[in-house]
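I opened the model to look up two things. First the ligand's surroundings, then the sheet.

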Amino acid sequence: MKIAVLPGDGIGIEIITEAVKVLNVLDLPLELEWADVGGKAYDNHGHPLPEATLNLAKAADAVLFGAVGDWKYDKLERQFRPEQAILGLRKGLGLFANFRPALCYPELTHASSLKPELVAGLDILIIRELTGDIYFGQPRGRRTAVDGHFPGSEEAFDTMRYSRPEIERIAHVAFQAAMKRGKKLTSVDKANVLETSQLWKDVMTEIHAQYPEVALDHMYVDNAAMQLVKAPKKLDVVVTGNMFGDILSDEAAMLTGSIGMLPSASLDKNNKGLYEPSHGSAPDIAGKGIANPLATILSAAMMLKFSLQQPDAAARIEAAVQSVLAQGLRTADIWSEGTTKVSTREMGDAVATAITTIKTIK
Ligand code: IPM
Ligand code: MN
(Lines give C-alpha, C1' and ligand atoms only; values in the text may rest on other atoms or scores of the structure.)
(Ligands and ions follow the chains in the order given, each with its own letter.)
Protein backbone atom coordinates (compact mmCIF):
# COMPACT_ATOMS: atom_id res chain seq x y z
CA MET A 1 0.00 0.00 0.00
CA LYS A 2 1.56 3.17 -1.22
CA ILE A 3 0.91 6.40 0.65
CA ALA A 4 1.94 9.84 -0.53
CA VAL A 5 2.85 11.90 2.53
CA LEU A 6 2.55 15.64 1.97
CA PRO A 7 3.26 17.63 5.15
CA GLY A 8 3.01 21.10 3.59
CA ASP A 9 3.45 24.27 5.62
CA GLY A 10 3.29 25.61 9.17
CA ILE A 11 2.54 22.90 11.69
CA GLY A 12 2.14 20.40 8.83
CA ILE A 13 5.46 18.67 9.37
CA GLU A 14 4.97 18.36 13.14
CA ILE A 15 1.52 16.78 12.97
CA ILE A 16 2.34 14.52 10.02
CA THR A 17 5.41 13.24 11.85
CA GLU A 18 3.20 12.03 14.69
CA ALA A 19 0.64 10.45 12.36
CA VAL A 20 3.43 8.58 10.56
CA LYS A 21 4.82 7.46 13.92
CA VAL A 22 1.42 6.00 14.76
CA LEU A 23 1.11 4.29 11.35
CA ASN A 24 4.51 2.75 11.80
CA VAL A 25 3.65 0.96 15.04
CA LEU A 26 0.74 -0.79 13.30
CA ASP A 27 3.14 -2.99 11.43
CA LEU A 28 1.30 -2.86 8.10
CA PRO A 29 2.98 -3.15 4.70
CA LEU A 30 2.91 0.60 4.06
CA GLU A 31 5.24 2.31 1.65
CA LEU A 32 5.48 6.02 2.43
CA GLU A 33 6.75 8.53 -0.10
CA TRP A 34 7.18 12.12 0.95
CA ALA A 35 6.90 15.24 -1.20
CA ASP A 36 6.70 19.01 -0.88
CA VAL A 37 3.39 20.79 -1.27
CA GLY A 38 2.07 24.31 -0.70
CA GLY A 39 4.36 27.20 0.19
CA LYS A 40 7.20 24.79 0.84
CA ALA A 41 6.89 23.48 -2.70
CA TYR A 42 6.71 27.00 -4.07
CA ASP A 43 9.93 27.87 -2.25
CA ASN A 44 11.72 24.71 -3.34
CA HIS A 45 10.30 24.12 -6.82
CA GLY A 46 8.55 27.34 -7.88
CA HIS A 47 5.02 25.91 -7.74
CA PRO A 48 2.68 24.98 -4.84
CA LEU A 49 1.70 21.72 -6.58
CA PRO A 50 4.70 20.54 -8.63
CA GLU A 51 4.08 17.91 -11.34
CA ALA A 52 6.11 15.42 -9.33
CA THR A 53 3.92 15.87 -6.26
CA LEU A 54 0.69 15.55 -8.26
CA ASN A 55 2.00 12.45 -10.02
CA LEU A 56 3.07 10.89 -6.75
CA ALA A 57 -0.40 11.52 -5.34
CA LYS A 58 -1.99 10.02 -8.44
CA ALA A 59 0.17 6.90 -8.25
CA ALA A 60 -0.44 6.33 -4.53
CA ASP A 61 -3.30 4.38 -2.96
CA ALA A 62 -3.94 7.28 -0.60
CA VAL A 63 -2.60 10.70 0.29
CA LEU A 64 -1.87 11.83 3.82
CA PHE A 65 -1.86 15.60 3.84
CA GLY A 66 -0.79 18.06 6.55
CA ALA A 67 -1.80 21.64 5.84
CA VAL A 68 -0.83 24.47 3.52
CA GLY A 69 -0.65 28.24 3.78
CA ASP A 70 1.29 31.03 5.36
CA TRP A 71 0.71 34.78 5.38
CA LYS A 72 4.05 35.30 3.71
CA TYR A 73 2.55 34.01 0.44
CA ASP A 74 -0.50 36.29 0.51
CA LYS A 75 1.00 38.71 -1.99
CA LEU A 76 1.71 36.06 -4.63
CA GLU A 77 -0.40 35.79 -7.74
CA ARG A 78 -3.31 33.41 -6.98
CA GLN A 79 -1.94 30.51 -9.04
CA PHE A 80 1.20 30.40 -6.88
CA ARG A 81 -0.50 30.57 -3.50
CA PRO A 82 -0.28 27.51 -1.23
CA GLU A 83 -4.09 26.98 -1.23
CA GLN A 84 -3.90 26.20 -4.95
CA ALA A 85 -2.11 22.98 -4.02
CA ILE A 86 -5.07 21.52 -2.16
CA LEU A 87 -7.53 22.77 -4.79
CA GLY A 88 -5.33 21.28 -7.53
CA LEU A 89 -5.11 17.93 -5.73
CA ARG A 90 -8.89 17.80 -5.26
CA LYS A 91 -9.49 18.55 -8.90
CA GLY A 92 -6.53 16.54 -10.25
CA LEU A 93 -7.50 13.42 -8.31
CA GLY A 94 -11.26 13.82 -8.76
CA LEU A 95 -11.84 13.98 -4.99
CA PHE A 96 -15.45 15.10 -5.12
CA ALA A 97 -16.71 13.72 -1.81
CA ASN A 98 -15.46 15.36 1.35
CA PHE A 99 -16.32 13.78 4.72
CA ARG A 100 -16.05 16.09 7.71
CA PRO A 101 -17.20 14.48 10.92
CA ALA A 102 -17.88 16.72 13.90
CA LEU A 103 -17.66 14.51 16.92
CA CYS A 104 -17.74 15.79 20.47
CA TYR A 105 -15.52 13.66 22.68
CA PRO A 106 -17.03 13.24 26.17
CA GLU A 107 -13.82 14.46 27.80
CA LEU A 108 -13.89 17.68 25.77
CA THR A 109 -17.53 18.66 26.09
CA HIS A 110 -16.65 21.70 28.20
CA ALA A 111 -14.28 22.97 25.48
CA SER A 112 -17.19 23.91 23.22
CA SER A 113 -18.37 27.48 23.12
CA LEU A 114 -21.91 26.10 23.38
CA LYS A 115 -23.53 24.87 26.59
CA PRO A 116 -22.37 21.31 27.35
CA GLU A 117 -25.89 19.88 27.13
CA LEU A 118 -26.21 21.11 23.54
CA VAL A 119 -23.06 19.31 22.38
CA ALA A 120 -22.63 16.31 24.70
CA GLY A 121 -22.68 13.25 22.46
CA LEU A 122 -22.71 15.34 19.29
CA ASP A 123 -21.93 13.25 16.22
CA ILE A 124 -22.56 14.97 12.89
CA LEU A 125 -21.14 14.07 9.51
CA ILE A 126 -20.93 16.86 6.97
CA ILE A 127 -20.52 15.66 3.40
CA ARG A 128 -19.30 18.49 1.23
CA GLU A 129 -19.16 18.34 -2.57
CA LEU A 130 -15.58 19.28 -3.31
CA THR A 131 -14.83 19.73 -7.00
CA GLY A 132 -17.68 21.89 -8.27
CA ASP A 133 -19.66 25.00 -7.35
CA ILE A 134 -18.32 28.54 -7.24
CA TYR A 135 -14.86 27.22 -6.30
CA PHE A 136 -14.21 25.90 -9.79
CA GLY A 137 -17.00 27.39 -11.93
CA GLN A 138 -15.97 29.21 -15.08
CA PRO A 139 -16.04 31.95 -16.13
CA ARG A 140 -14.42 33.94 -13.39
CA GLY A 141 -12.24 36.98 -13.40
CA ARG A 142 -12.01 40.73 -13.35
CA ARG A 143 -13.12 43.17 -15.97
CA THR A 144 -14.72 46.50 -16.58
CA ALA A 145 -18.46 46.30 -16.00
CA VAL A 146 -20.67 46.96 -19.00
CA ASP A 147 -23.90 46.78 -17.01
CA GLY A 148 -25.04 46.42 -13.39
CA HIS A 149 -25.14 49.19 -10.79
CA PHE A 150 -21.85 50.79 -11.80
CA PRO A 151 -21.12 50.34 -15.52
CA GLY A 152 -17.58 51.35 -16.44
CA SER A 153 -16.13 50.46 -13.06
CA GLU A 154 -13.93 47.50 -12.17
CA GLU A 155 -15.81 44.35 -11.22
CA ALA A 156 -14.97 40.77 -10.30
CA PHE A 157 -17.12 37.69 -10.85
CA ASP A 158 -17.24 33.98 -10.08
CA THR A 159 -19.67 31.40 -11.38
CA MET A 160 -21.68 29.08 -9.20
CA ARG A 161 -22.57 26.02 -11.23
CA TYR A 162 -23.48 22.38 -10.76
CA SER A 163 -24.31 19.74 -13.33
CA ARG A 164 -26.83 16.97 -12.69
CA PRO A 165 -24.20 14.15 -12.65
CA GLU A 166 -22.09 16.09 -10.15
CA ILE A 167 -25.08 16.33 -7.81
CA GLU A 168 -26.17 12.75 -8.44
CA ARG A 169 -22.85 11.24 -7.45
CA ILE A 170 -22.55 13.21 -4.21
CA ALA A 171 -26.19 12.37 -3.46
CA HIS A 172 -25.41 8.64 -3.69
CA VAL A 173 -22.40 9.06 -1.42
CA ALA A 174 -24.52 10.93 1.11
CA PHE A 175 -27.47 8.53 1.06
CA GLN A 176 -25.10 5.57 1.43
CA ALA A 177 -23.38 7.24 4.37
CA ALA A 178 -26.77 7.93 5.94
CA MET A 179 -27.73 4.26 5.49
CA LYS A 180 -24.69 3.31 7.58
CA ARG A 181 -25.58 5.78 10.33
CA GLY A 182 -28.92 7.09 11.59
CA LYS A 183 -30.71 6.93 8.20
CA LYS A 184 -31.32 10.65 8.36
CA LEU A 185 -30.00 13.07 5.75
CA THR A 186 -30.29 16.84 5.62
CA SER A 187 -29.56 18.46 2.27
CA VAL A 188 -28.54 22.09 2.59
CA ASP A 189 -29.11 24.59 -0.21
CA LYS A 190 -30.36 28.07 -0.99
CA ALA A 191 -33.10 27.02 -3.38
CA ASN A 192 -35.22 30.02 -2.48
CA VAL A 193 -32.70 32.18 -4.36
CA LEU A 194 -30.28 30.15 -6.49
CA GLU A 195 -30.80 28.07 -9.65
CA THR A 196 -27.90 25.77 -8.77
CA SER A 197 -29.58 25.10 -5.44
CA GLN A 198 -32.93 24.34 -7.07
CA LEU A 199 -31.27 21.74 -9.29
CA TRP A 200 -29.44 20.41 -6.22
CA LYS A 201 -32.70 20.06 -4.31
CA ASP A 202 -34.51 18.45 -7.28
CA VAL A 203 -31.76 15.89 -7.80
CA MET A 204 -31.53 15.07 -4.07
CA THR A 205 -35.28 14.47 -4.04
CA GLU A 206 -35.07 12.22 -7.12
CA ILE A 207 -32.19 10.13 -5.81
CA HIS A 208 -34.02 9.78 -2.50
CA ALA A 209 -36.45 7.42 -4.27
CA GLN A 210 -33.60 4.87 -4.41
CA TYR A 211 -33.06 5.13 -0.65
CA PRO A 212 -36.57 5.01 0.79
CA GLU A 213 -35.28 4.00 4.24
CA VAL A 214 -33.49 7.32 4.65
CA ALA A 215 -35.43 10.29 5.99
CA LEU A 216 -34.45 13.25 3.81
CA ASP A 217 -35.09 16.85 4.66
CA HIS A 218 -34.02 20.06 2.95
CA MET A 219 -32.75 23.09 4.79
CA TYR A 220 -31.75 26.53 3.58
CA VAL A 221 -28.15 27.30 4.36
CA ASP A 222 -28.91 30.30 6.56
CA ASN A 223 -31.25 28.17 8.64
CA ALA A 224 -28.66 25.39 8.76
CA ALA A 225 -26.11 27.84 10.15
CA MET A 226 -28.64 28.73 12.82
CA GLN A 227 -29.67 25.15 13.62
CA LEU A 228 -26.03 24.19 14.07
CA VAL A 229 -25.76 26.48 17.06
CA LYS A 230 -29.35 26.10 18.24
CA ALA A 231 -29.86 22.33 18.26
CA PRO A 232 -26.92 20.63 16.54
CA LYS A 233 -27.80 17.19 17.83
CA LYS A 234 -30.92 17.17 15.67
CA LEU A 235 -28.62 16.83 12.65
CA ASP A 236 -27.01 13.56 11.60
CA VAL A 237 -25.65 13.46 8.04
CA VAL A 238 -25.61 16.80 6.20
CA VAL A 239 -24.90 17.02 2.47
CA THR A 240 -24.18 20.29 0.74
CA GLY A 241 -22.25 22.03 -2.00
CA ASN A 242 -18.66 23.16 -1.95
CA MET A 243 -19.09 26.74 -0.73
CA PHE A 244 -21.80 26.12 1.86
CA GLY A 245 -19.92 23.02 3.02
CA ASP A 246 -16.75 25.01 3.54
CA ILE A 247 -18.53 27.41 5.86
CA LEU A 248 -20.81 24.99 7.70
CA SER A 249 -18.04 22.48 8.35
CA ASP A 250 -15.97 25.12 10.13
CA GLU A 251 -18.98 26.05 12.20
CA ALA A 252 -19.71 22.40 13.02
CA ALA A 253 -16.07 21.78 13.89
CA MET A 254 -16.08 24.57 16.44
CA LEU A 255 -19.12 23.08 18.19
CA THR A 256 -16.90 20.27 19.31
CA GLY A 257 -14.62 22.84 20.92
CA SER A 258 -11.56 21.49 19.28
CA ILE A 259 -10.85 21.80 15.59
CA GLY A 260 -7.53 20.17 16.51
CA MET A 261 -9.42 16.89 16.94
CA LEU A 262 -11.24 16.63 13.65
CA PRO A 263 -10.08 14.56 10.69
CA SER A 264 -11.38 14.65 7.14
CA ALA A 265 -11.43 12.49 4.05
CA SER A 266 -11.78 13.54 0.43
CA LEU A 267 -12.70 10.62 -1.80
CA ASP A 268 -12.93 9.87 -5.49
CA LYS A 269 -15.38 7.45 -7.09
CA ASN A 270 -13.20 4.45 -6.20
CA ASN A 271 -12.63 5.45 -2.58
CA LYS A 272 -9.12 6.53 -3.25
CA GLY A 273 -8.64 9.51 -1.04
CA LEU A 274 -6.78 12.37 0.49
CA TYR A 275 -6.80 12.59 4.27
CA GLU A 276 -6.10 15.74 6.20
CA PRO A 277 -6.94 17.41 9.49
CA SER A 278 -9.85 19.83 9.29
CA HIS A 279 -7.69 22.62 10.64
CA GLY A 280 -5.15 24.72 8.77
CA SER A 281 -1.39 25.26 8.89
CA ALA A 282 -1.45 27.55 11.96
CA PRO A 283 1.78 29.39 11.09
CA ASP A 284 1.54 31.31 14.38
CA ILE A 285 2.37 28.18 16.38
CA ALA A 286 4.53 26.39 13.81
CA GLY A 287 7.75 24.92 15.18
CA LYS A 288 6.71 25.36 18.81
CA GLY A 289 5.80 21.71 19.34
CA ILE A 290 2.37 22.58 20.74
CA ALA A 291 0.06 21.70 17.83
CA ASN A 292 -2.50 18.97 18.40
CA PRO A 293 -1.62 15.97 16.19
CA LEU A 294 -4.84 14.06 16.93
CA ALA A 295 -6.81 15.34 13.92
CA THR A 296 -4.03 14.11 11.64
CA ILE A 297 -3.71 10.83 13.51
CA LEU A 298 -7.47 10.34 13.19
CA SER A 299 -7.20 11.23 9.50
CA ALA A 300 -4.71 8.40 9.14
CA ALA A 301 -7.33 6.14 10.75
CA MET A 302 -9.90 7.30 8.19
CA MET A 303 -7.37 6.52 5.47
CA LEU A 304 -6.96 2.96 6.73
CA LYS A 305 -10.72 2.52 6.84
CA PHE A 306 -11.83 4.15 3.57
CA SER A 307 -8.93 3.64 1.16
CA LEU A 308 -6.79 0.80 2.50
CA GLN A 309 -9.41 -1.65 3.77
CA GLN A 310 -7.83 -1.91 7.20
CA PRO A 311 -10.79 -1.31 9.51
CA ASP A 312 -9.17 -3.09 12.46
CA ALA A 313 -6.06 -0.95 12.32
CA ALA A 314 -8.27 2.13 12.06
CA ALA A 315 -10.25 1.05 15.09
CA ARG A 316 -7.03 0.54 17.04
CA ILE A 317 -5.98 4.11 16.33
CA GLU A 318 -9.38 5.44 17.34
CA ALA A 319 -9.35 3.44 20.55
CA ALA A 320 -5.82 4.65 21.30
CA VAL A 321 -6.94 8.27 20.89
CA GLN A 322 -9.87 7.66 23.26
CA SER A 323 -7.44 6.12 25.70
CA VAL A 324 -4.98 9.05 25.75
CA LEU A 325 -7.89 11.43 26.28
CA ALA A 326 -9.12 9.24 29.13
CA GLN A 327 -5.60 9.37 30.59
CA GLY A 328 -6.02 13.14 30.76
CA LEU A 329 -3.35 14.00 28.20
CA ARG A 330 -4.04 17.28 26.39
CA THR A 331 -2.23 19.51 23.96
CA ALA A 332 -2.57 23.23 24.67
CA ASP A 333 -5.65 23.73 22.47
CA ILE A 334 -7.73 21.30 24.50
CA TRP A 335 -6.06 21.68 27.87
CA SER A 336 -8.12 22.50 30.97
CA GLU A 337 -7.57 22.52 34.76
CA GLY A 338 -6.83 19.09 36.12
CA THR A 339 -5.48 17.62 32.87
CA THR A 340 -1.89 17.09 31.80
CA LYS A 341 -0.47 19.40 29.15
CA VAL A 342 1.66 17.57 26.59
CA SER A 343 3.58 18.56 23.47
CA THR A 344 2.84 17.48 19.93
CA ARG A 345 5.46 14.77 20.16
CA GLU A 346 4.38 13.54 23.59
CA MET A 347 0.84 13.20 22.30
CA GLY A 348 2.01 11.18 19.29
CA ASP A 349 4.16 9.00 21.56
CA ALA A 350 1.23 8.39 23.89
CA VAL A 351 -1.04 7.30 21.04
CA ALA A 352 1.68 5.04 19.63
CA THR A 353 2.19 3.46 23.06
CA ALA A 354 -1.53 3.02 23.59
CA ILE A 355 -1.80 1.23 20.25
CA THR A 356 0.69 -1.41 21.25
CA THR A 357 -1.53 -2.29 24.21
CA ILE A 358 -4.67 -2.46 22.06
CA LYS A 359 -4.20 -5.54 19.98
CA THR A 360 -7.58 -6.26 18.50
CA ILE A 361 -10.89 -4.55 18.66
CA LYS A 362 -14.10 -6.45 19.19
C1 IPM B 1 -10.85 23.84 3.52
C2 IPM B 1 -10.05 25.08 3.29
C3 IPM B 1 -9.84 25.24 1.79
C4 IPM B 1 -11.21 25.40 1.17
C5 IPM B 1 -8.90 26.39 1.37
C6 IPM B 1 -7.56 26.26 2.05
C7 IPM B 1 -8.75 26.46 -0.11
O8 IPM B 1 -10.68 26.19 3.84
O9 IPM B 1 -10.37 22.75 3.20
O10 IPM B 1 -11.96 23.95 4.04
O11 IPM B 1 -11.75 26.51 1.10
O12 IPM B 1 -11.75 24.40 0.72
MN1 MN C 1 -12.49 25.73 4.94
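I looked up ligand 1 first and found Glu83, Ile86, Leu87 and Asp246 around it. I count a residue as near a molecule if its C-beta atom, placed from the backbone, lies within 6 Å of it. This is a predicted model: local features need pLDDT of at least 70, side-chain atom pairs count only at pLDDT 80 or more, and totals for chains, interfaces and linings use all residues. Residues are numbered from 1 along each chain as its sequence is written, while chains are lettered from A and ligands numbered from 1 in the order written.

Which helix gives the largest share of the shell around ligand 1? Helix 4 (residues 83-93) does, with three residues. Helices (H or I, at least four residues) and strands (E, at least two) are DSSP runs, numbered from the N terminus. I sorted the shell by type: two nonpolar, no polar and two charged. Here Ala, Val, Leu, Ile, Met, Phe, Trp, Tyr, Cys and Pro count as nonpolar, Asp, Glu, Lys and Arg as charged, the others, Gly among them, as polar.

Next, the sheet. I traced ten strands in an open, mixed sheet, ordered 2-1-3-12-11-4-5-10-8-9. Strands pair if DSSP finds at least two bridges between them. Strand 2 (31-34) and strand 9 (215-220) each have a single partner strand, so one side of each lacks a neighbour in the sheet.

I then checked one pairing. Strand 1 (residues 2-8) runs parallel to strand 3 (residues 62-67), over five bridges. Leu6 has Phe65 in strand 3 as its bridge partner.
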